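Thanks for coming, everyone. Please bring up the model on your screens, and we will walk through one helix pair and one pocket.

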Amino acid sequence: MFASDRLPLAERYAELLATDGVVRGLIGPREAPRLWDRHVLNCAVLGEWIDEGVEVCDIGSGAGLPGIVLAIARPDLCVTLVEPLLRRTTFLTEVVEELGLDTVTVVRGRADSLHGERRFDVVTSRAVAPLGRLLEWSMPLVAPEGALVAMKGSSVVEEIAEARPVLEALGCAEPVIRELGTGVLEETTGAVRVSWADPAAVSWPPAARSNRGSGAPAARSAKARRRGRPRPAR
């Protein structure tokens, strides 16, 4: 999963997670002995579902999972790490500088602060929120031909079912579920991919959509918009 010249970077990152990451409360002490299996390697295989040379946005990046790992494993990617908490962005900036990851940019802020400002080929995340909320935070950042590619656990089918109204309101295509790392990891990584149903219709602000064919615009209330703001991740 890591080329020979990138493996030392992955090893140093794992060391930083196990030391500074634990001290700063970014990684639980019990996670340190299993960083490779549960965090580094299972994030690295997310690259199986990401095309070459694209722009990736990792929202709620936390300690850099999966964004930093993807940047180490895939130097062809341009990765933007979006994280609202100062102590986390400070750690991320230090890691990026120490490892010389010149394809990585750290942005302190919430995902919705970039809505209408940036678009990415892939928007990814790990353990940030249920799919419905994740779609509202992520899809405005997804380019017309791009996709949300999020790491998800065994509850992904239920999350998709609960997110049906959001999928329809945003104009998303049917989600695709995939197990990554088969034949490579002892425990595979689950992920879901969501693209736009009609890339030509993607715009900001979103075009009004009919409500069950009635012609009434499907508008979100101010309260719903407040619920859609990202909370601190991990």
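Let me start with a definition. Helices and strands here are DSSP runs, numbered from the N terminus; a helix needs at least four residues, and a strand at least two. Keep in mind that this is a predicted model.

Now, the pocket. I mean the second largest one. Its volume is about 530 Å³. Its lining counts 19 residues. Nearest the centre lie Asp37, Arg38, Asn42, Glu187 and Thr188. Which elements give two or more residues to this lining? They are H2, strand S6 (176-180) and strand S7 (189-195). H2 gives the most, with 4 residues. By class, the lining of this pocket has 6 nonpolar, 6 polar and 7 charged residues.

Stay with H2, and turn to its partner. Two packed helices are described by the angle between their axes and the distance between the axes. Helix H1 covers residues 7-23, and helix H2 covers residues 35-44. Their axes come within 11 Å and cross at roughly 125°. Why is H1 called oblique to H2? Because that crossing angle makes it so. The crossing of H1 past H2 is right-handed.

Who touches whom? On the H1 side, look for Leu7, Ala10, Glu11, Ala14, Leu17 and Ala18. They meet Leu35, Trp36 and Val40 of H2. Sorted by class, the H1 contact with H2 has 8 nonpolar residues, no polar ones and 1 charged.

So, to recap H2. Helix H2 meets H1 through Leu35, Trp36 and Val40. H2 also gives 4 residues to the lining of the second largest pocket. Questions, please.

Notes: Residues numbered from 1 in each chain as written. Predicted model: local features only at pLDDT ≥ 70, side-chain atom pairs only at ≥ 80, totals over all residues. Heavy atoms only, no water. Axes fitted to C-alpha atoms, helices over the stretch in contact; angles between N-to-C directions. Parallel < 35°, antiparallel > 145°, perpendicular 65-115°, else oblique. Left-handed = near helix turned anticlockwise from the far one by under 90°. Contact = heavy atoms within 4.5 Å. Nonpolar A, V, L, I, M, F, W, Y, C, P; charged D, E, K, R; others polar. 1 Å grid on protein atoms, 1.4 Å probe; cavity = no way out; pocket = protein on both sides within 12 Å on 5 of 7 lines; lining within 4 Å. Points joined across faces, edges and corners; volume = space filled by probe spheres on them.
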